[in-house]
Amino acid sequence: MEIDQISLDKKYMHRCLQLALNGQQNAKPNPMVGAVIVANNRVIGEGYHVRCGQGHAEVNAFASVRAEDEPLLKESTMYVSLEPCSHYGKTPPCADLIIKKGVKRVVVGCIDEFAEVQGRGIQKLRDAGIDVTVGVLEAECKAMNRRFFTFHRLHRPYIILKWAQTANGFLDDNGRALAISSPFTQMLSHKLRAQEDAILVGRVTDDREHPLLTVRHWVGPDPKRLVIDHQHPLNLESLHAHHVQSLIVEGGRKTLESFLAQDLWDEIRVETNLGLTVAGGTRAPHLPAHVKVISQQVYDENIIVNYEK
């Protein structure tokens, strides 16, 4: 493939990702997907999956094509961030629609790991004679729907361990609750809550601090509130059955370490207040031996670092 074509493919896949993000809240439990239709290096249609149960990104992209551009579909390329579905769910298969529209080429960001798809959509397109390219911006496309993929591959939520610590590594001040986050980073914490399905603390944290675990400093739905202890352990199968695709763990040291010990985590988010130290208290958990920094932001004296395996 020519270098110019590779650059163009990346350009339009970036647009697919931008579009897909518009479905962050309402597409659940379906994945976020964006689609762009290009003819003669001109975008003639685009769409995203707006709401679960309604048209997929490909359907909305075709619907946006103007009548005078319909003849161009025979020479067009459709870009889609996730493999087109090949099965009947709440809507008909998108792969069938693409074939019916006569699109010449399809560029797919990543394969859908959902059991009903897993390459079948791509194979159906190829069997129909459509030129299919797979894996353009694959890492970015997979990362966007990592919660969806984890849920279906591991049959459990995507788990984010989260804590705030002082500059010298304590969670509290000699057992007393401590305001470590700034007003701005607290708002970011509530933004994260609005994006995830559930949030969990341990019984000790709940009894001592009575955390609301809401998104009162942001806009969006409150996550499902969970409290665990020895009498009420976490049941991942139950969360899976209730379609909880993501879980924030904000408990104390023991709760966090119980997840770390079982290797039950996908992401760790640590906020450190560089201007705050205490004489003693509850030590923050130790990070696992093999972690990779995926992002780092500094807000005045507070630094937030996100890790993955």
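**Figure 1. Surroundings of Met-13 in the predicted model**. Apart from its neighbours within four places in sequence, Met-13 is in contact with Tyr-79, Val-80 and Ser-81, with Val-107, Val-108 and Gly-109, and with Val-136, Leu-137 and Cys-141. Met-13 is also listed, together with Ile-37, Met-78, Tyr-79, Ile-98 and Val-106, among the residues with the most contacts inside the largest nonpolar core, which has 40 residues. Helix H1, residues 3-20, supplies the largest share of this core, namely six residues. A second core, separate from this one and made of 24 residues, includes Leu-161, Leu-200, Leu-226 and Val-244. As a general tendency in soluble globular proteins, nonpolar side chains are buried together.

**Figure 2. Helix H6 and the elements that cover its buried residues**. Helix H6 spans residues 146-154, and its buried residues are Arg-147, Phe-148, Phe-149, Thr-150 and Phe-151. The cover over these buried residues includes three elements that precede H6 in numbering, strand E3 (77-82), strand E4 (105-110) and helix H5 (138-144), and it also includes strand E6 (158-166), helix H9 (236-241) and strand E9 (246-249). After H6 comes His-155, the phi of which is positive, near 55 degrees.

**Figure 3. Aromatic pairs, with Phe-148 and Phe-149 as one of them**. The structure holds three aromatic pairs. In the pair formed by Phe-148 and Phe-149, the ring centres lie 5.8 Å apart and the planes stand at 65 degrees, so the arrangement is edge-to-face, an assignment that applies to angles over 60 degrees. Phe-148 and Phe-149 are both buried, and both belong to the buried residues of helix H6.

**Figure 4. The tilted pair of Phe-184 and Tyr-299**. Here the rings are 5.2 Å apart from centre to centre, with 50 degrees between their planes, and the pair is tilted. Because Phe-184 lies in helix H7 (residues 183-195) and Tyr-299 in strand E11, the pair ties together parts that are 115 residues apart in sequence. How exposed is Phe-184, in terms of relative accessibility? Phe-184 has a relative accessibility of 41% and therefore counts as partly exposed, and Tyr-299, at 23%, likewise counts as partly exposed, given that this class begins where the buried class, under 20%, ends.

**Figure 5. Val-291 in the loop between strands E10 and E11**. Val-291 is placed in the loop that runs between strand E10 (267-273) and strand E11 (292-299). With a relative accessible area of 28%, Val-291 is partly exposed. When residues up to four places away in sequence are not counted, Val-291 touches Trp-265, Tyr-307 and Glu-308. The C-alpha atom of Val-291 is separated by 30 Å from that of Ala-241, a residue 50 places away along the chain.

**Figure 6. The whole chain, as context for the close-up views**. The protein chain has ten helices and twelve strands, and its C-alpha atoms fill a box of roughly 70 × 40 × 35 Å along the principal axes. Of its 309 residues, 47% are buried, while the accessible surface comes to about 15400 Å², with 51% of it belonging to carbon and sulfur atoms. Among contacts between residues at least 6 apart in sequence, 74% join residues at least 24 apart. The chain carries 36 positive and 37 negative charges, and the mean positions of these two sets are 2 Å apart.

Terms used. Residues numbered from 1 in each chain as written. Predicted model: local features only at pLDDT ≥ 70, side-chain atom pairs only at ≥ 80, totals over all residues. Heavy atoms only, no water. Buried < 20%, exposed > 50% of the residue type's maximum accessible area, 1.4 Å probe, protein only. Helix = DSSP H or I, 4+ residues; strand = E, 2+ residues; numbered from the N terminus. Contact = heavy atoms within 4.5 Å. Areas by Shrake-Rupley, 256 points an atom, 1.4 Å probe, with all protein chains shown as cover. Lys, Arg positive; Asp, Glu negative; His and termini not counted. Charge placed at Lys NZ, Arg CZ, Asp CG, Glu CD. Core = buried A, V, L, I, M, F, W, Y, C linked by side-chain atoms within 4.5 Å. Phe/Tyr/Trp six-rings, centres within 6.5 Å; stacked < 30°, edge-to-face > 60°.
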